[in-house]
Amino acid sequence: MVTAATHRGTPPDPPKCVRILIVGGGYVGLYTALRLQRRLKAELARGEAEIVVVSPDPYMTYQPFLPEAAAGAISPRHVVVPLRRVLDGCRVVVGEVTSIDHAKRTATLDTLATEETGQTEQLSYDELVLAPGSISRTLPIPGLAEHGIGFKTVEEAIGLRNHVIEQMDIASSTRDPEIRDAALTFVFVGGGFAGVEALGELEDMARYAARYYHNVKPEDMKWILVEASDRILPEVGEEMGRYTVSELRRRNIDVRLKTRLESCVDRVAVLSDGARFPARTVVWTAGVKPHPVLAATDLPLNGRGRLKCTPELTLDGVRHAWAAGDAAAVPDVTAAEPGQETAPNAQHAVRQARVLGDNIVRSLRDQALETYAHKYVGSVASLGLHKGVAHVYGRKLKGYPAWFMHRVYHLSRVPTFNRKARVLAEWTLAGLFKREIVSLGSLEHPRAEFELAAGGKPPGFPKGSS
């Protein structure tokens with residue numbers, strides 16, 4: 001007997017939803033999600049695909065703008081790109097992935113609710129994109145953990161700006177020569193892009209701010225750059241690196257090559273060449289290392305703790321896992337000598353993300369994968385307002401032309417038209433009006449004033465302290 005159900009036939013199974021998990025919301029995470037969001041638009045609409053982005057912050061930080069944000073040339077909120085606004089076709093989870101079991105296709109993560117509930121979350125996936133970026137590489141230097149300041153996040157950049165202005169306030173309001181000298185001594189460790197650009201922009205800002213202090217002059221301040229190797233800014237070439245050293249020294253910045261920081265206990269910077277500087281400011285920008293989550297996975301790593309990748313940006317010997325950016329050791333197929341890897345910088349990360357997103361789509365559609373191949377075209381660096389160096393396509397620029405190229409290049413690379421327009425507007429206004437030199441250090445302890453009024457201020461939280 002044929003029943004009505006048999007006659008009509010059984011309903012078809014619902015289409016399988018492929019979940020793509022992206023770990024990290026930086027360059028690679030954002031651009032990969034944007035690419036997938038566009039290429040899988042139809043699948044996302046039909047519920048056949050889901051893109052989940054897990055990031056510790058609800059925004060992507062455009063790090064090349066951090067020095068200008070620290071100097072007050074760009075507003076902090078325009079240095080970041082809100083993920084939920086840009087990735088409207090993705091599910092954004094604010095949290096930290098703590099471990100990954102790729103054999104079971106699960107990731108363990110802590111969210112903002114974990115502290116309240118005491119429970120971690122398990123998230124399953126079909127395709128994994130690992131792009132957690134890197135963290136600051138520190139050394140076991142006495143006093144560094146207590147007194148050092150990083151320069152990798154927008155919070156650190158703004159905190160450093162507030163701190164520098166506050167030190168000028170301290171020096172202006174004391175008659176003690178030792179306190180004044182320590183307040184006006186600024187030590188930067190690391191001669192890469194982050195250290196040199198941060199030092200150049202902040203020295204420029206402090207030099208400008210000194211005109212508003214009746215007893216603080218630019219020559220009263222000591223700016224010291226400490227680099228362990230024999231050159232700075234190796235990305236712009238040896239000649240431009242030497243020019244940068246001479247330019248910084250012309251501004252009375254003490255550049256010390258082949259020198260290491262050995263201690264900063266009791267706010268005294270002790271260098272390997274025997275010099276000692278009482279300093280209330282020690283900025284650490286001496287390199288980065290892979291994110292610790294990579295060690296908490298069952299995925300292949302190289303000797304430096306980075307993920308072993310193929311030129312197609314898959315993980316070597318592993319299916320359904322992809323990586324790019326700082327966390328990935330990607331073979332450089334354009335290199336003259338075999339075995340070299342692409343540099344862990346933003347130029348490669350953005351381009352790798354586009355290839356990665358396309359390759360995931362190709363993999364889902366059983367198409368051949370594309371090889372990542374991009375020849376490094378050069379670098380640009382800002383040394384303060386109207387000052388810079390550049391080595392692009394074999395051409396070497398310095399001074400104003402290099403500074404202008406630095407701005408044009410990064411304006412073209414910052415994500416979304418909204419951010420481009422806002423940054424350009426701020427640069428235009430900065431050219432028409434005077435710099436802002438206000439310290440808002442009290443923002444870091446916003447409840448301190450209320451706690452004082454309500455019955456007592458916690459020790460160590462002086463008003464305006466950064």
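In this predicted model, strand β15 (residues 268–271) and strand β16 (residues 276–278) pair in the antiparallel sense over 3 bridges. Within this pairing, A269 has F277 in β16 as its bridge partner. The two strands make a hairpin with 4 residues between them, and G274 in the turn adopts a positive phi of about 95°. On its other pairing, β15 is joined to β14 by 2 bridges, and these strands run antiparallel. Here L261 finds its bridge partner in L271 of β15. β14 and β15 likewise form a hairpin with 4 residues between them, where D266 in the turn has a positive phi of about 55°.

Side chains in a regular strand alternate between the two faces of the sheet. For β15, both faces turn out to be covered: V268 and V270 are buried on one side, and A269 and L271 are buried on the other. Just ahead of this region, T259 sits in the loop between β13 and β14 (261–263). With a relative accessible area of 4%, T259 is buried. Setting aside neighbours within four places in sequence, T259 contacts V226, E227, A228, L271, S272 and D273. L271 is thus a contact of T259 as well as the bridge partner of L261. The C-alpha atoms of T259 and K222 are 17 Å apart, with their positions 37 residues apart along the chain.

Strand β13 leads to a parallel sheet. This open sheet is formed by 5 strands in the order β10-β17-β11-β12-β13. Its edges are β10 (148–149) and β13 (253–256); each has a single partner strand, so one side of each is left without a neighbour in the sheet. Helix α8 packs on the sheet, touching β10, β11, β12 and β17 (281–284), and its direction makes about 160° with that of β17. Inside the sheet, strand β11 (residues 185–189) runs parallel to strand β12 (residues 222–226), the two being joined by 5 bridges. F186 stands opposite W223 in β12. Helix α10 (residues 193–209) lies across β11, β12 and β13, running at about 175° to β12.

A second open sheet, of 7 strands, shows mixed pairing and has the order β7-β6-β5-β2-β1-β8-β20. β7 (121–124) and β20 (321–323) are the edge strands, each pairing on one side only. Neighbouring strands of this sheet are turned by 40° against each other on average, direction ignored. At the β20 end, strand β8 (residues 127–130) pairs with β20 in the parallel sense over 3 bridges, and L128 stands opposite A321 in β20. Two helices can be placed against these strands. Helix α2 (residues 27–39) lies across β1 (18–23), β2 (49–55) and β8, at about 160° to β1. Helix α12 (residues 346–364) lies across β1, β8 and β20, at about 165° to β20.

What, then, fills the interior? The largest nonpolar core has 110 residues, of which L21, L130, M168, F188 and W223 touch the most other members. Helix α8 (residues 154–172) contributes the largest share of this core, 8 residues. Another core lies apart from it, with 16 residues, among them I141, L261, W284 and A286. As for L130, its contacts beyond four places in sequence are V23, I100, L294, L299, L307, W322, A323 and A324.

Aromatic rings add further detail, with 8 aromatic pairs found across the whole structure. Y400 and W403 form a tilted pair, 5.3 Å centre to centre with 45° between the planes. The two residues are 3 apart in helix α13 (residues 400–413), which means they are separated by about one helical turn. Their exposure can be stated for each: Y400 is partly exposed at 46% relative accessibility, whereas W403 is buried at 7%. Elsewhere, ring pairs link Y27, Y62, F65 and W427 into a cluster.

How many disulfides does the structure hold? There are 0 disulfides. For C90, the closest cysteine sulfur belongs to C17 and is 12 Å away, so the distance is too far for a bond. C90 is buried, with a relative accessible area of 14%, and C264 also counts as buried, at 1% relative accessibility.

How values were computed. Residues numbered from 1 in each chain as written. Predicted model: local features only at pLDDT ≥ 70, side-chain atom pairs only at ≥ 80, totals over all residues. Heavy atoms only, no water. Disulfide = S-S within 2.5 Å. Buried < 20%, exposed > 50% of the residue type's maximum accessible area, 1.4 Å probe, protein only. Core = buried A, V, L, I, M, F, W, Y, C linked by side-chain atoms within 4.5 Å. Contact = heavy atoms within 4.5 Å. Pairing = 2+ DSSP bridges. Axes fitted to C-alpha atoms, helices over the stretch in contact; angles between N-to-C directions. Phe/Tyr/Trp six-rings, centres within 6.5 Å; stacked < 30°, edge-to-face > 60°.
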